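This report walks through one protein model, from its overall build to selected local details. Please keep the sequence and the 3D view at hand.

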Amino acid sequence: MEGFSVIMPTFNQAAFIRRAILSLLQQTFTQWELIIINDGCTDETEEFISDFLLSNSNITYTKNKTNLGLGQSINKGLDIARYSYIAYLPSDDYFHYNHLETFYKKFQKAEDAVLVFSGMNYAESDSYAYSSKTQTFGIRKNYCLQLVQTAHKKTNDRWVQRDEYITANLFDMYWRKLAGKGLFYSIDKITCRWTNHKEQRHKILSEDYNGGLNDFRRYYQIKHPLKIKVSKFKFIDEEELYAPLTSRTIKIENPLKILLVGGLSYHAERITAFEEQGHKLYGLWVNKGFLSSFDTVGPLPFGNVEDISYENRKNEIAKIKPDIIYALLNTVSVSFAYQIMKENPDIPFVWHFKESPAYCLERNSWKELIKLYHFADGKIYINEEAKLWFELFIPSNGLSYILNGDMPKKNHFSNNFTPRLSNNDNAIHTMIAGRMIGITSDNIKRLAENNIHIHFYNESYHNRYENIVRRSMKVAPEHFHIHPHCKQTEWVKEFSKYDAGWLHCFNSTNYGNVINANYDDINIPARIGTLAAAGIPMIQKNNFSHIVGMQSIVKNYNMGIFFKDYEDLVTQLRNKKLMNELRENVIKHREKFTFDYHVPNLIDFFRKVIETKRNHSNKS
């Protein structure tokens with residue numbers, strides 16, 4: 001049947017949806033049907049569209065009980081569709097009055113077309129939020145073909161669904177399936193608007209917009225393990241990743257009920273060690289603001305954490321009566337944790353902060369961070385350097401504990417070691433897990449001239465390193481290597497084949513005075529646990545005249561290289577006796593870099609905080 005089946009998947013876009021529907025009702029081309037798929041909306045969507053549903057027989061409405069995802073929702077619409085052409089109208093976008101007519105004429109003229117796309121407006125421009133770039137006559141640069149600007153012939157093809165994998169790339173989800181069935185034609189006219197706002201799916205999902213898996217899970221309230229294609233370098237399969245985690249627990253006397261507050265950051269599965277050692281976990285997660293790719297919040301796809309709703313937190317906390325609140329870990333959690341601490345003055349409260357003070361200053365949560373450390377019943381610092389630094393701002397009082405915030409689970413510390421690459425080619429092979437901090441293409445060239453390789457495993461923000469990667473490949477084509485993301489379960493097997501791994505490289509300027517220290521000085525990079533698991537020595541700049549947290553740890557266990565310049569680094573890397581000694585020390589101490597190793601002492605600290613709080617209350 002000639003015409004358009006217009007599919008509208010929607011999730012919590014009540015603030016936009018009426019405009020979208022009205023734009024369809026105003027079309028000059030009238031042979032259409034609208035199929036609305038409510039994908040588990042929890043806002044006022046049904047209230048806002050009820051009059052349209054009653055008055056227009058061209059509208060079909062269906063609702064998912066829970067959010068099933070873009071692919072499955074569109075596929076429901078395709079199964080219902082009656083017309084020969086499929087168009088898409090996301091509920092936050094809208095059509096210009098001639099959108100469907102323009103597309104229909106193009107399909108009639110180009111009989112070999114399987115897909116047609118138009119230009120679109122994509123940004124607001126007014127006296128307050130002016131932008132000179134507001135439209136495109138084709139595909140917007142650095143984006144994929146968008147739903148609102150696209151129509152195609154009806155086929156038997158279906159969109160990739162959430163149970164297959166998740167991606168922000170619509171070409172991977174569907175457009176590629178049409179590529180062999182006809183031609184793609186551009187209309188070269190602007191016929192629709194793609195609305196720019198913070199809750200667009202690609203922004204929630206993409207690390208390029210400070211979104212990612214954690215934001216995606218929180219926004220859509222997904223409670224099961226996911227598979228996500230982050231980029232061509234990174235694919236995460238949580239089912240496989242968390243399969244080794246056991247739910248077995250030991251029975252202990254007086255287990256603690258621990259309420260986790262905020263977010264868990266990297267290696268979030270570490271908290272299952274609490275359960276394995278007999279304790280009960282609850283979760284009250286940050287529910288506002290966009291998370292970074294590493295700010296893990298619930299619902300969690302592992303363990304048996306019982307989530308508490310933000311809206312009903314007072315009653316639920318009163319019901320479960322937690323023994324302690326363990327609030328953590330990064331900037332995004334600071335204001336939230338402070339709010340929860342104020343609301344629950346009678347519950348022992350422990351604050352654990354990882355990073356970063358600079359972001360707190362930028363985001364106006366610095367004063368709350370200082371109050372958290374001052375008023376918390378228990379304070380956890382990532383190292384002694386951080387404790388000294390924070391005590392520049394707060395009185396030294398109360399109970400404190402030292403524990404790095406991003407320690408991985410011991411399950412990832414297997415003995416599946418791999419023979420080193422250098423055993424075969426007499427070269428030196430080093431690796432970077434994460435960002436290239438302090439390493440330039442000139443440094444890489446110098447190392448390559450000394451037959452030293454760098455293997456780069458970029459975890460996130462791939463586009464931000466595109467220039468340095470391109471330059472490095474150019475100056476050291478045989479010695480600079482790009483690798484895809486390595487999952488935790490493969491750390492030991494993959495990384496143990498290298499001679500050493502890079503930590504953050506920077507020149508400190510505090511000259512041994514903590515008042516001059518910045519966050520680079522006091523930080524503990526999350527990759528320390530990764531390198532420890534693989535049993536490989538760690539590389540960093542020689543800052544012996546300065547206070548540097550990661551330097552103290554590596555120096556204390558004698559498990560790394562500290563270099564003054566790159567000639568010095570080359571000399572140390574070629575010292576086989578030194579490297580063997582460092583490697584043996586990493587293996588000897590690597591268990592100390594697992595969260596499980598520290599849980600018994602951490603629980604003892606919690607009990608001490610509880611007892612101290614109780615004694616203080618009794619005296620009062």
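What radius of gyration does the protein have, and what would a compact globule with 620 residues have? The protein has 28 Å, and the globule would have a value near 25 Å, so the two agree. The model is predicted.

## Overall build

The C-alpha atoms fill a box of roughly 75 × 70 × 50 Å along the principal axes. The secondary structure comes to 24 helices and 24 strands. Of the 620 residues, 58% count as buried. Contacts often link distant parts of the sequence: among those with a separation of 6 or more, 75% are between residues 24 or more positions apart. The accessible surface comes to about 27,600 Å². Carbon and sulfur atoms hold 48% of that surface.

## A covered helix

How many of the residues of helix H7 are buried? Eight of its eight residues are, and the helix is mostly covered. H7 spans residues 213-220. Its buried residues include charged side chains by name, among them Asp215, Arg217 and Arg218. Leu213, Phe216, Tyr219 and Tyr220 are buried as well. Asn214 is also buried.

What covers these residues includes two helices, H6 (201-205) and H8 (238-242). The cover also includes strands S10 (227-231) and S11 (234-237). Just after H7, Gln221 takes a positive phi of about 50°.

## A buried histidine

Is His99 buried or exposed? His99 has a relative accessible area of 0%, so it counts as buried. This residue is found in helix H4, which spans residues 99-109. The side chain of His99 makes a polar contact of 2.7 Å with the side chain of Thr191. Beyond neighbours within four places in sequence, His99 is in contact with Gln27, Ser118, Val148, Thr191 and Cys192.

## Salt bridges

The structure holds 21 salt bridges. Three of them are listed here, with the N to O distance.

| Pair | N to O distance | Location |
|---|---|---|
| Lys63 and Glu46 | 3.6 Å | strand S3 and helix H2 |
| Lys105 and Glu101 | 3.2 Å | both in helix H4 |
| Lys280 and Glu306 | 3.9 Å | strand S13 and strand S14 |

Lys63 forms its salt bridge with Glu46. Lys63 lies in S3 (residues 59-64) and Glu46 in H2 (residues 45-55), so the pair ties together parts that are 17 residues apart in sequence. Lys63 is partly exposed, with a relative accessible area of 42%. Glu46 is partly exposed too, at 37%.

The pair in H4 is local. Lys105 and Glu101 are four residues apart, about one turn of the helix. Lys105 counts as exposed because its relative accessibility is 52%. Glu101, at 26%, counts as partly exposed.

Lys280 bridges to Glu306. Lys280 lies in S13 and Glu306 in S14, so this pair ties together parts 26 residues apart in sequence. Both ends are partly exposed: Lys280 at 30% and Glu306 at 39%. Elsewhere, salt bridges that share partners join Glu276, Lys409 and Asp596 into one network.

## Backbone details

Which peptide bonds are cis? One is the bond from Gly298 to Pro299, with omega near 5°. Pro299 sits in the loop between strand S13 (280-285) and strand S14 (306-307). Another cis bond joins Leu328 and Leu329, where omega is about 5°. Leu329 lies in the loop between strand S15 (324-328) and helix H11 (334-343).

Positive phi values appear in residues other than glycine. Asp188 has a phi near 65°, and its place is in strand S9 (residues 183-193). Asn254 has a positive phi of about 55°. Asn254 is in the loop between H8 and strand S12 (257-262). With 53% relative accessibility, Asn254 counts as exposed.

## A nonpolar patch

Which residues make the nonpolar surface patch of about 280 Å²? Leu392, Phe393 and Ile515 make it. Phe393 is in the loop between helix H14 (384-390) and strand S18 (399-402). At 39% relative accessibility, Phe393 counts as partly exposed.

Note on methods:
Residues numbered from 1 in each chain as written. Predicted model: local features only at pLDDT ≥ 70, side-chain atom pairs only at ≥ 80, totals over all residues. Heavy atoms only, no water. Buried < 20%, exposed > 50% of the residue type's maximum accessible area, 1.4 Å probe, protein only. Contact = heavy atoms within 4.5 Å. Patch = residues over 30% accessible without salt bridge, like charges linked within 9 Å, V, L, I, M, F, W, Y side chains within 5 Å. Areas by Shrake-Rupley, 256 points an atom, 1.4 Å probe, with all protein chains shown as cover. Salt bridge = Lys/Arg side-chain N within 4 Å of Asp/Glu carboxyl O. Polar contact = N/O pair within 3.5 Å; in protein donor to acceptor, adjacent residues only side chain to side chain. Rg over C-alpha atoms; globule rule 2.2 N^0.38 Å.
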